Amino acid sequence: MLVPAAFLLVFFVLPVGTILLTGLRPEGRLDLAAVPAVLSDPVTLRVAWFTLWQAAASTVLTLLVGLPGAYVLARLSFRGRSALRAAITVPFVLPTVVVGSAFLALLGPRSPLNALLGGVLGEAAPTLDLRRTVTAILLAHVFFNYAVVVRTVGGLWSHLDPRLEEAARTLGASRWATFREVSWPLVRPAVAAAAAIVFLFTFTSFGVVLILGGPGRATLEVEIYRATVQLLDLPLASVLALLQLAAVTAALLVYGRLQKRATAQPLRSAATTARPPRTRGERAFLAVNLLVVAGLLLAPLLVLVERSLATGDGYGLDHYAALFGTQRSTVLAVAPFEAIRNSVLYGLAATSVALVVGGCAAVAASRPGRSGRLLDRALMLPLGTSAATVGFGFLLALARPPLDLRGSRLLIPAAQALIATPFVVRTLLPVLRSIDQRLRDAAATLGAAPRRVWREIDLPIVGRAVLAAAGFSFAIAVGEFGATVFLARGQTPTMPVAIFRLLGRPGVTNFGQAMAMSTILMLVTASAIALLDRLRVGQVGRF
């Protein structure tokens, strides 16, 4: 328990606490004058309002698109349903930089959509360019969080007894009346939980807004980054971080109250509730949702790959070859290959740290006692704190005595491990709790030492979960952007940071290399998630 507690204290409590003190004590003594000045600034109010309404709009749109998909995957059986359920999870775990790059390629003037319009309408075809628009941000958020709604709501929907709906239909209720009076009250807690999660994710959106939004479309997260990196205004950044912490805390409290309102209800096995589509309307409903998945979820990724292969003379591997060349990039201070190598090394280091910290925490939380449960909840706090706030806190708290880590390469994997650790705990803890204590007691009664009990009983059961947690942690670490962009130096960029810098410079070569690196990053994270699904222990710890 000491290891995870010390890690949380040094790499979360200390940085976030330092931000609080910096905002409230700019000159070393308590001075709250900066707080009302910043909060009443028209720029702050505009940013806060944009952050709020775009998160609300993104949540509503995601629910409108995701709820039909949740019903289809929960209640209709069709060929390829399991593969489709796994595929829709990939966008959720993709790095935000990759998502931003994909929509930049899809909605830009050189996108296949414009090529298609030009082929159909000729010279009279309009040029579609949605970059730097709110529409692009909202579409990217729906793409990113579609899996949250489908998995959260569909997970409950697939276990509800369908005989309730069939009884209502037998009594003469229409489909809409059956949904309104029977299905909706039962799935409403899951819908509320999914809405709260999506709102939280979009409220703290950083990478997507930074790439797709213009100067007038910044969230609080983006404004913290600009105040720190571009304006060097630390008090402003601190007050904005305080404002965001307060908003995130309020959202988490609302989420907690919604979870308490959820009532227990009789559930059935998911395998017994799904059936093939029977009517023409159900088959059409299924077809429309498959088209939505293909258009919304697959099109951006396919365009990303297509743009990575597009060259001035057609298609080829020129951009990929440039990434692995030894020549220094015109944008990066090192060869692009160095960013790939840095990401892999940092990811492996962060995965190791997350497994040690998260493993110790999961073992402590699986045992009886209040302290283990408190540690489990405390380790969830970084998930409710923006990554930009964590990275900014690292700069303030860990760059001066007594813990001066300026220039240290430990900062980046430490920040990545802090964000990956909760996922390790969530993966290992249910498996550890599922082990029958009587097996351990029987082995001990037969004379096995505690170490042998662990090796012969616990390890074979939890081993697959450890590998799954490692894959998830690595995917999160290599794609982490919000905290890493604060900590990465010119000589040590990671792949997401390199992609962001390449996209920030004009030129076909820079854009092509950004697309190629985004494709590599997408394949790495998708492979890690595919490994996660293969190693999962039954339904335990399933997202």
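**Salt bridges**

Arg455 counts as partly exposed at 43% relative accessibility (buried is under 20% relative accessible area, exposed over 50% and partly exposed in between, with a 1.4 Å probe and protein chains only). Before we go on, note that this is a predicted model, in which local features need pLDDT of at least 70, side-chain atom pairs count only at pLDDT 80 or more, and totals for chains, interfaces and linings use all residues. Residues are numbered from 1 along each chain as its sequence is written, and side-chain values use heavy atoms, with hydrogens and water left out.

*Task.* Find the salt-bridge partner of Arg455, then work out which residues share partners in one network.

*Solution.*
- Start with the rule: a side-chain nitrogen of Lys or Arg must lie within 4 Å of a carboxyl oxygen of Asp or Glu. Applied to the whole structure, the search finds eight salt bridges.
- The partner of Arg455 is Glu456, at 3.7 Å from N to O. Glu456 is partly exposed too, at 46% relative accessibility.
- Now the network: salt bridges with shared partners join Arg175, Arg275 and Glu282.
- Look at one of its links, Arg175 with Glu282, where the closest N and O atoms are 4.0 Å apart. Arg175 sits in helix H10 and Glu282 in helix H14, so this pair ties together parts 107 residues apart in sequence. (Helices are DSSP runs of H or I with at least four residues, strands are runs of E with at least two, and both are numbered from the N terminus.)
- Glu282 is buried, with a relative accessible area of 9%.
- For another setting, try Glu181 and Arg180, whose closest N and O atoms are 3.2 Å apart. Here Glu181 is exposed at 54% relative accessibility, and Arg180 is partly exposed at 38%.

**Aromatic pairs**

*Task.* Classify the ring pair of Tyr71 and Phe285, and list the cluster that ring pairs build around these two residues.

*Solution.*
- Rings of Phe, Tyr and Trp (its six-membered ring) pair if their centres lie within 6.5 Å; planes under 30 degrees apart are stacked, over 60 edge-to-face, and the rest tilted. That rule gives 18 aromatic pairs.
- Tyr71 and Phe285 are 6.1 Å apart, centre to centre, with 65° between the planes, which makes the pair edge-to-face.
- Tyr71 belongs to helix H3 (residues 42-75) and Phe285 to helix H14 (residues 280-309), so the pair joins parts 214 residues apart in sequence.
- Phe285 is partly exposed, at 33% relative accessible area.
- The cluster consists of Tyr71, Trp157, Trp176, Phe179, Trp184 and Phe285, linked by ring pairs.

**Pocket and cavity**

*Task.* Decide which elements line the second largest pocket and which supply the second largest cavity.

*Solution.*
- On a 1 Å grid over the protein atoms alone, a cavity is a set of points where a 1.4 Å probe fits but cannot get out; a pocket is an open set with protein on both sides within 12 Å along at least five of seven lines, and lining residues have an atom within 4 Å of a point. Grid points are joined across faces, edges and corners, and a volume is the space filled by probe spheres set on the points.
- The second largest pocket holds about 730 Å³ of space. Of its 24 lining residues, Tyr71, Glu165, Arg175, Arg275 and Glu282 are the closest to its centre.
- H3, helix H9 (163-170), helix H10 (175-203) and H14 each give two or more residues to this lining. H10 has the largest share, with five residues.
- Turning to cavities, there are two of 30 Å³ or more. The second largest has a volume of about 40 Å³.
- Its lining is made of Gly69, Val72, Leu73, Leu84, Tyr146, Asn289, Leu290 and Val293, and H3 and H14 each supply at least two of the lining residues.

**Around helix H12**

*Task.* Trace burial from Thr219 through helix H12.

*Solution.*
- Thr219 lies in the loop between helix H11 (207-212) and H12. Thr219 is buried, with a relative accessible area of 0%.
- H12 (residues 220-230) is mostly covered, with nine of its 11 residues buried; among them are Leu220, Ile224 and Tyr225, as well as the charged-type names Glu221, Glu223 and Arg226.
- Just after H12, Leu232 takes a positive phi of about 55°.
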